[in-house]
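Please open the structure in a viewer and keep the selection panel at hand. The tour below proceeds from one selection to the next and describes what each one shows.

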Amino acid sequence: MSTPLIRLEGIGKTYRNGELATTVLRDVDLDIHDGDFVAIMGASGSGKSTLMHLLGCLDRPSTGRYLFAGEDIAGLDSDQLASLRSRTFGFIFQSYHLISSANATENVEVPAIYAGQPREQRHARAEELLTSLGLGERLGNRPNQLSGGQQQRVSIARALMNDARVLLADEPTGALDSKSGEDVLQLLKDLHARGKTVIVITHDREVASHADRLIEIRDGRIIHDSGRRQPGAADPTPGISSQATRGESTATFGDTSEAVRMALRALRANLFRTVLTLLGIVIGVASVVVMLAVGNGARQEVVERISDMGTHLLIVRPGAPNTRRSADGSTNTLTAEDAAVAATIDNVVAAVPEVQTRATVRAGNTDAQTSITGTTAEFVAAKSWPVANGVFINDEDNRRYAAVAVIGRTVANNLYSDRDPLGEYMLIGNVPFLIIGVMQEKGATPWGQDQDDVVFVPLNTATNRLIGSRHLSNISVLIEDLQLSDATQEAVRQAILANHAGVEDFQIRNMASLLENVASTQNTFTVLLGSIAAISLLVGGIGVMNIMLVNVSERTREIGIRMATGARTRNILQQFMVEAVVVSAIGGAIGVVLGLGFAGMLQYFGTAIQFTPGPVLLAFGCAFATGLIFGFMPAHKAAHLDPVVALSAD
Ligand code: ADP
Ligand code: MG
């Protein structure tokens with residue numbers, strides 16, 4: 001006699017729930033040959049389904065041996081079992097166990113996906129199978145759009161998809177009216193006639209009578225076996241290894257696009273929840289993009305404005321270091337001689353003295369309060385601030401105490417509005433000054449002061465005719481080589497110190513290091529903004545995890561179905577990971593677009609914004625990683641479910 005396809009030797013099954021152990025099958029010996037048509041009959045609770053799960057390698061026995069084509073399956077790991085299932089068994093369940101979010105064709109295709117069949121091929125085969133079962137008109141219908149009989153035929157088509165040799169039907173007619181039930185039985189008989197091994201489980205003697213061989217089971221024991229009516233099929237039975245390795249290399253579900261398609265379908269099936277999940281990621285990513293664009297924009301603006309003031313500058317001010325400059329005489333310590341000695345230091349291009357006061361200026365009937373600066377010809381070079389019209393003060397003007405003035409754009413606008421100020425006279429206090437130039441517009445300082453609201457006059461003119469004191473407000477020292485700025489600063493300090501008989505009643509500020517400080521402060525600010533935004537992304541990620549966990553528990557049965565049709569641990573893992581990543585990536589993409597849009601809007605309304613690809617990529621990358629990280633736990637949970645437990649979930 002030939003090797004039976006399936007041989008059970010002394011099989012027992014005991015379920016353990018903590019302390020409680022329920023023995024469901026005891027000492028079952030059973031041979032099933034290729035081409036058999038067997039009915040397993042018994043009352044409800046007698047252990048039929050348990051036996052079917054064991055026969056179909058969905059579960060492992062507690063005791064005894066299961067030989068498939070003569071080889072013990074005890075040595076196979078869960079993936080090898082999955083592969084054996086996928087190639088050999090087709091399951092048909094009482095409650096059909098179709099995936100509700102997928103249509104008839106997609107349901108039928110599932111086993112072929114895990115077997116690695118190419119898309120077009122399996123699509124064509126699924127449609128062909130469904131059409132041959134009379135469902136040609138219902139290919140695109142979801143399970144809830146089909147009658148019970150139609151759903152059962154879909155599940156039969158699915159069982160046939162991978163050309164299974166053994167069809168295991170657990171109460172296939174249990175949920176059907178008698179007509180549909182008969183149709184299904186006729187179908188199983190036809191399949192048997194075409195060479196399939198069919199095992200039908202039922203509690204109904206009428207159903208069982210269609211089979212060639214009747215096995216009765218009670219309380220987990222076989223109490224009757226009618227024996228085989230026909231001799232077994234003559235063809236030799238391929239063993240596990242040849243079974244399991246067929247298509248192994250392509251059965252890894254490496255086709256990520258397939259996983260993405262399945263993920264999109266699952267996400268669409270629960271659109272509202274998907275949108276809510278997306279929202280968390282969208283808000284997180286959008287805020288990262290906006291915050292970093294605003295932060296970088298603010299830094300860029302401050303840096304630009306400070307750079308405008310000149311980075312090659314040392315500013316010498318009166319007053320001891322680390323004290324605030326006060327208006328009283330105690331800080332009137334800088335003089336033009338200090339500027340002169342500073343100008344002699346190496347690496348110093350020019351040392352420009354400045355005095356400042358406020359005064360009322362008047363032209364015709366118009367007057368204005370403005371700032372008056374007395375300075376020398378080098379001012380223009382030192383501050384990189386050119387004259388727009390006319391000329392600046394020259395050395396000759398200074399020597400002669402000339403009453404000439406160069407005015408800023410704001411003063412020009414205030415006093416002369418649309419007229420050309422050049423050649424006009426204006427009063428500063430009571431002294432008439434000839435306007436010889438108009439400065440280029442400079443804009444506001446980072447702290448918002450209008451730099452164009454200013455009048456320049458020769459230093460000597462200012463000290464003698466306007467202020468009456470020869471003390472300077474500051475000296476701007478222009479340096480040549482920025483690398484040497486610290487050494488130059490120290491040399492200038494020493495020179496002025498010598499001039500002040502060793503009393504350090506002045507301070508020097510280095511614009512280059514100021515710029516560095518401000519830039520790093522702004523960086524901190526940007527990082528802070530970015531972190532706040534990142535926290536919302538984290539919250540979004542937790543949302544994703546939460547939804548995926550709900551997803552897994554809701555779709556436990558679907559996971560069981562997929563496992564019964566040949567999905568391995570990694571297929572399930574991949575599917576749920578891909579779902580999490582797809583949600584996060586879609587959310588990330590929408591977030592980036594929204595964030596850029598919002599930042600663009602802010603820019604339109606005047607906020608300084610800097611768009612750089614860095615933060616955008618960062619935010620999107622974070623969203624993607626969020627999906628991976630927070631999706632892993634739920635996916636891992638799903639992938640390690642027991643197929644039988646998963647199938648029986650409600
Ligand atoms: P049948 O399909 O013949 O109605 P089952 O094989 O489903 O019977 O169940 C047989 C017995 O095993 C029942 O008493 C049932 O309560 C028990 N049983 C089934 N599955 C489990 C399980 N996972 N844990 C504990 N007991 C179980
Ligand atoms: Mg049952």
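The first stop is the shell of residues around ligand 1, which divides into three nonpolar, seven polar and one charged residue. As the tour proceeds, please bear in mind that this is a predicted model.

**Stop 1: the ligand shell**

Select ligand 1 together with Y15, N17, V24, A43, S44, G45, S46, G47, K48, S49 and T50, the residues around it. Which element gives the most to this shell? Helix α1 does, with three residues.

Next, display the backbone atoms of S46, G47 and K48 alongside the oxygen atoms of ligand 1. A polar backbone atom of K48 is 2.8 Å from an oxygen atom of the ligand. For G47, the distance from a polar backbone atom to a ligand oxygen is 3.0 Å. At S46, a backbone N or O atom lies 3.3 Å from an oxygen atom of ligand 1. Switching to a surface representation is useful here: ligand 1 taken alone exposes 560 Å², and the protein buries 62% of that. To place the shell within the fold, colour β1 (6-17) and α1 (48-55), the elements that give two or more residues to it.

**Stop 2: a nonpolar patch on the surface**

Move now to L264, I586, I590 and L594, which make a nonpolar surface patch of about 310 Å². Helix α19, residues 569-604, supplies the largest share of the patch, three residues. Centre the view on I586, which lies in this helix. Is I586 partly exposed or buried? Its relative accessibility is 34%, so I586 counts as partly exposed.

**Stop 3: salt bridges**

Side chains of opposite charge can pair when their charged atoms come close. In the whole structure, a search finds 27 salt bridges, and the selections below visit several of them.

Begin with R213 and D36, which form a salt bridge whose closest N and O atoms are 3.5 Å apart. R213 belongs to strand β9 (residues 213-218), while D36 sits in the loop between β2 (20-32) and β3 (37-41); the pair therefore ties together parts that are 177 residues apart in sequence. Both partners, R213 and D36, are buried.

Select E109 and R122 next. Their side chains meet in a salt bridge with an N to O distance of 2.7 Å. E109 is in helix α3 (residues 104-114) and R122 in helix α4 (residues 119-132), the two residues being 13 apart. Here too the partners are buried, E109 as well as R122.

Then turn to helix α16 and select R493 and E490. The closest N and O atoms of this salt bridge are 3.1 Å apart. What separates the two residues along helix α16 (residues 485-499)? R493 and E490 are three residues apart in that helix, and so are separated by about one helical turn. R493 has a relative accessible area of 23% and is partly exposed. E490, at 34% relative accessibility, also counts as partly exposed.

For the final selection, display E396, D397, R399 and R400, which are joined into one network by salt bridges that share partners.

Note on methods:
Residues numbered from 1 in each chain as written. Chains lettered and ligands numbered in written order. Predicted model: local features only at pLDDT ≥ 70, side-chain atom pairs only at ≥ 80, totals over all residues. Heavy atoms only, no water. Near = heavy atom within 4 Å. Polar contact = N/O pair within 3.5 Å; in protein donor to acceptor, adjacent residues only side chain to side chain. Areas by Shrake-Rupley, 256 points an atom, 1.4 Å probe, with all protein chains shown as cover. Helix = DSSP H or I, 4+ residues; strand = E, 2+ residues; numbered from the N terminus. Nonpolar A, V, L, I, M, F, W, Y, C, P; charged D, E, K, R; others polar. Patch = residues over 30% accessible without salt bridge, like charges linked within 9 Å, V, L, I, M, F, W, Y side chains within 5 Å. Salt bridge = Lys/Arg side-chain N within 4 Å of Asp/Glu carboxyl O. Buried < 20%, exposed > 50% of the residue type's maximum accessible area, 1.4 Å probe, protein only.
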